[in-house]
Amino acid sequence: MQKTKKEYIPAEVYHADPAYSASDCKLYKKTCPKVFYESKYGEQKLEHEPALKKAFRTGELCHAFTLEPDRAKKAYGVCLSRSTKAGKVQAEEMAAKGIEPITNQEYELASNVANAVWSHPIANKLLSVGLAEQSFWKEDKETGLTCKARCDFLNGDTIICLLYTSPSP
């Protein structure tokens, strides 16, 4: 079967697809078949450490602000501190409108990363033409398993991966 590509699908749809991803392979290798099976197909999903969840969120925000700024403007909004009554109300109102509340600190970080990337002449050139968050599926001939992959950005036949690392303390 030939590889298939969908122009754009939301991350939630991609992640919900039962095809096998690189993350699935890493989990299988790191654990055991039973733990992998329960995590992928069972009701027992593996929870990430809080620090890892924060890193995933930071990565998602940096990706969105850098690679999909139009989507980011609609999907995220700065919210007052949710430790206050006003902030909790504001967050609920935003969520009801489909806007994910983020802190001012998260907004500043994601905006600064996006600005830094777009200010770099090579990155600017690579990201000026192409498509963000592209998903691919392919059936493996040997196993018959459907595999999937999602790249950050595709410029012709060049795959671009945007990685964020936090500064050293």
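This report walks through the salt bridges and one pocket of a predicted model.

**Salt bridges**

Let's start with the charged pairs. Side chains of opposite charge can pair when their charged atoms come close. Here the structure holds six salt bridges, and three of them are set out below.

| Salt bridge | N to O distance |
|---|---|
| Lys40 and Asp24 | 2.9 Å |
| Glu68 and Arg71 | 3.2 Å |
| Arg150 and Glu133 | 3.4 Å |

Take the helical pair to begin with. The side chains of Lys40 and Asp24 meet at 2.9 Å, N to O. Lys40 sits in helix α3 (residues 33-41) and Asp24 in helix α2 (residues 22-30), so this contact links distant parts of the chain, 16 residues apart. Both partners, Lys40 and Asp24, are buried.

Next comes Glu68 with Arg71, a salt bridge of 3.2 Å from N to O. How do the two ends fare for burial? Glu68 has 11% relative accessibility, so it counts as buried, the cut-off being under 20%. Arg71 comes in at 27% relative accessibility and therefore counts as partly exposed.

The strands have a salt bridge too, with the side chains of Arg150 and Glu133 meeting at 3.4 Å, N to O. What does this pair tie together? Arg150 belongs to strand β5 (residues 146-155) and Glu133 to strand β4 (residues 131-139), so the bridge joins parts that are 17 residues apart in sequence. Glu133 counts as buried because its relative accessibility is 9%.

Salt bridges also team up: Arg57, Glu100 and Glu106 form one network through bridges that share partners.

**The second largest pocket**

Now for the open space. The second largest pocket holds about 280 Å³, and 14 residues line it. Which of them lie nearest its centre? Those are Lys54, Thr58, Gln105, Glu106 and Leu109. Glu106 will look familiar, as it is also part of the salt-bridge network with Arg57 and Glu100.

Where does the lining come from? Helices α4 (50-67) and α7 (104-119) each supply at least two of its residues. Of the contributors, α4 gives the most, with seven residues.

As for chemistry, the lining is a mix: six residues are nonpolar, five are polar and three are charged.

Conventions: Residues are numbered from 1 along each chain as its sequence is written. This is a predicted model: local features need pLDDT of at least 70, side-chain atom pairs count only at pLDDT 80 or more; totals for chains, interfaces and linings use all residues. Side-chain values use heavy atoms; hydrogens and water are left out. On a 1 Å grid over the protein atoms alone, a cavity is a set of points where a 1.4 Å probe fits but cannot get out, and a pocket is an open set with protein on both sides within 12 Å along at least five of seven lines; lining residues have an atom within 4 Å of a point. Grid points are joined across faces, edges and corners, and a volume is the space filled by probe spheres set on the points. Helices (H or I, at least four residues) and strands (E, at least two) are DSSP runs, numbered from the N terminus. Ala, Val, Leu, Ile, Met, Phe, Trp, Tyr, Cys and Pro count as nonpolar, Asp, Glu, Lys and Arg as charged, and the others, Gly among them, as polar. A salt bridge is a side-chain nitrogen of Lys or Arg within 4 Å of a carboxyl oxygen of Asp or Glu. Buried means under 20% relative accessible area, exposed over 50%, partly exposed in between (1.4 Å probe, protein chains only).
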